[in-house]
Amino acid sequence: MGDAADAFIAVIPARFGASRLPGKPLLDIAGEPMVAHVWRRACESAAQRVIVATDDARIRDALAPFDAEVVMTRSDHPSGTDRLAEVAERLGLPDEAVLVNVQGDEPLIPPTLIDQVAARLFDDPEASIATLAEPIADVDTLFNPNVVKVVRALSGRALYFSRAPIPWDRQEFASRPDWLETDGWLRHIGLYAYRVGFLAQYGDWTPSPLEQLEQLEQLRALHHGHAIQVALAALPNPPGVDTVEDLERVRSLLARNH
């Protein structure tokens with residue numbers, strides 16, 4: 001548990017209805033539901049409290065044997081951020097409280113990264129959000145629209161997030177290069193720390209034009225003038241589970257560790 005001055009709560013949004021992998025939080029990995037693995041990783045962080053936020057009784061019931069704290073939320077939330085806002089409201093948390101959104105499909109997430117993203121937000125009292133990034137090492141990843149890129153200011157605050165290969169190398173990208181000569185490109189890692197006061201406002205805003213174009217909800221915060229701190233991840237973040245192939249890879253890795 002962290003010091004009182006920098007205490008935070010980890011919240012794991014877990015939705016049963018996923019388009020590509022229905023019932024994803026309950027998929028079996030090494031004899032346990034995936035969400036239990038995520039919950040255990042979060043419990044290994046410095047969070048003073050770990051909560052699973054779900055709209056489905058099946059997920060709540062699956063976590064009962066683990067004595068995990070579960071908060072039941074509405075089923076109509078368009079994003080995990082909106083679900084966190086409901087959790088903060090239900091718990092009556094003060095505006096200055098910090099919540100870390102731990103994705104429910106990342107059973108391999110290092111607890112160190114959960115601590116790091118919270119610490120980054122405490123380091124910048126004027127920021128509403130903190131998140132992480134890691135260097136992009138290859139051209140295919142840079143040009144992949146499913147990989148979100150971020151550009152930072154000297155202060156570490158995000159200037160912009162995009163699915164496009166930003167920044168654009170005017171000299172080299174006229175014809176697509178075969179390699180990257182520097183580590184000047186950053187891949188965004190979808191782990192967020194939020195101040196509760198920001199979450200209370202977020203749900204009242206309509207999606208911004210940039211957010212709708214890029215399909216990136218963090219652009220709503222930038223559109224409304226909120227600062228997002230971006231730290232370089234202290235450790236590599238293993239990929240989450242989005243496909244059947246991802247699931248089999250994680251099953252294989254965790255089976256070897258059990």
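Me: Where a residue counts as buried under 20% relative accessible area, as exposed over 50% and as partly exposed in between, how does R58 count in this predicted model?
Reply: The relative accessibility of R58 is 48%, and the range between buried and exposed runs from 20% to 50%. Because that value lies in between, R58 counts as partly exposed.

Me: Which residue meets the side chain of R58 in a salt bridge, and is that partner buried or exposed?
Reply: The side chain of R58 meets that of D56, with 2.8 Å from N to O. The relative accessible area of D56 is 13%, which is under 20%, and therefore D56 is buried.

Me: Which parts of the chain does the salt bridge between D124 and R157 link?
Reply: In this salt bridge the closest N and O atoms of D124 and R157 are 2.9 Å apart. The two residues are 33 residues apart and the pair links distant parts of the chain, with D124 in the loop between α4 (111-123) and β7 (129-135), and R157 in the loop between β8 (149-152) and β9 (158-162).

Me: Are R220 and E211, which form a salt bridge, buried or exposed?
Reply: The closest N and O atoms of R220 and E211 are 2.8 Å apart. R220 has a relative accessible area of 7%, while E211 has a relative accessibility of 8%. Because each value is under 20%, both R220 and E211 are buried.

Me: Which residues do salt bridges that share partners join into one network?
Reply: A salt bridge here needs a side-chain nitrogen of Lys or Arg within 4 Å of a carboxyl oxygen of Asp or Glu, and by this rule the count comes to 13 salt bridges. Those that share partners join into one network K24, D105 and D242.

Methods
Residues numbered from 1 in each chain as written. Predicted model: local features only at pLDDT ≥ 70, side-chain atom pairs only at ≥ 80, totals over all residues. Heavy atoms only, no water. Buried < 20%, exposed > 50% of the residue type's maximum accessible area, 1.4 Å probe, protein only. Helix = DSSP H or I, 4+ residues; strand = E, 2+ residues; numbered from the N terminus.
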